[in-house]
Amino acid sequence: APFKKGTYSFTLNGSQFYSLNYSNINAMDYLVIASPTLHTDGHGMVTSVSLEYKLPDNTTTVDPAKYVSWLQLQYYDANHNHIELGSLYAGVPMANQIKDISNVALPAPVSLSTLKGQNLMVNYNDLLGNEYFVYWQVQ
């Protein structure tokens, strides 16, 4: 690290005084893996997706609210329409932020057979602003 953690004070142009609180935060401290589970009704239609968040050791389950700020799911329906739920950016017109980042109801059920072989894209931002794009192939 170029600097040790602490408060640094300096002047600029001989007159302006600045103070900087520096901390070296490692992105690994906030890395979690969001693993989806598809939930179906009695007719093989996927109605919702639940997400379990684990540390990279793949054993420690964590509270996503302590790590994740925005969540987005993407997939293709039977007509090959790109479906986007949520947004990673507040300024995007369809920024209907997903409120429950552990359980997401689909706006319309989609056949599990339609999703097989496809990628379910689970995208999220951590509290530091890092973006994660994780592709899960539906089996």
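A contact here means heavy atoms within 4.5 Å.

**View 1. Residue contacts of Leu71 in the predicted model.** Residues up to four places away in sequence are not counted in this view. Leu71 touches Leu51 and Tyr53, and further along the chain Leu85, Gly86, Ser87 and Leu88. The remaining partners of Leu71 are Ile98, Ile101, Val104, Val122, Asn123 and Tyr124.

**View 2. The largest nonpolar core, with 27 residues.** Leu51, Tyr53, Leu71 and Tyr124 have the most contacts inside this core. Two or more residues each come from strand E4 (45-54), strand E5 (68-76) and strand E6 (82-86), as well as from strand E7 (103-111), strand E8 (119-126) and strand E9 (131-137). In soluble globular proteins, nonpolar side chains tend to be buried together. Over the protein, buried residues account for 30% of the 139 residues.

**View 3. Secondary structure and overall dimensions of the protein.** One helix and nine strands are present, in the sequence order β-β-β-β-β-β-β-α-β-β. The protein is more spread out than a compact globule, because its radius of gyration of 20 Å is well over the 14 Å that the globule rule gives for 139 residues. Along the principal axes, the C-alpha atoms fill a box of roughly 70 × 35 × 25 Å. Of the contacts between residues at least 6 apart in sequence, 48% join residues at least 24 apart.

**View 4. Surface and charged side chains of the protein.** The exposed area is about 8700 Å², of which carbon and sulfur atoms supply 53%. There are 6 positive and 10 negative side chains, and 10 Å separates the centres of the two sets.

Note on methods:
Residues are numbered from 1 along each chain as its sequence is written. This is a predicted model: local features need pLDDT of at least 70, side-chain atom pairs count only at pLDDT 80 or more; totals for chains, interfaces and linings use all residues. Side-chain values use heavy atoms; hydrogens and water are left out. Helices (H or I, at least four residues) and strands (E, at least two) are DSSP runs, numbered from the N terminus. The radius of gyration is taken over C-alpha atoms; the globule rule is 2.2 Å times the number of residues to the power 0.38. Buried means under 20% relative accessible area, exposed over 50%, partly exposed in between (1.4 Å probe, protein chains only). Accessible areas come from the Shrake-Rupley method with a 1.4 Å probe; for residues, only the protein chains shown count as cover. Lys and Arg count as positive and Asp and Glu as negative; His and the chain ends are not counted. The place of a charge is taken as NZ of Lys, CZ of Arg, CG of Asp or CD of Glu. A nonpolar core is a set of buried Ala, Val, Leu, Ile, Met, Phe, Trp, Tyr and Cys residues joined through side-chain atoms within 4.5 Å.
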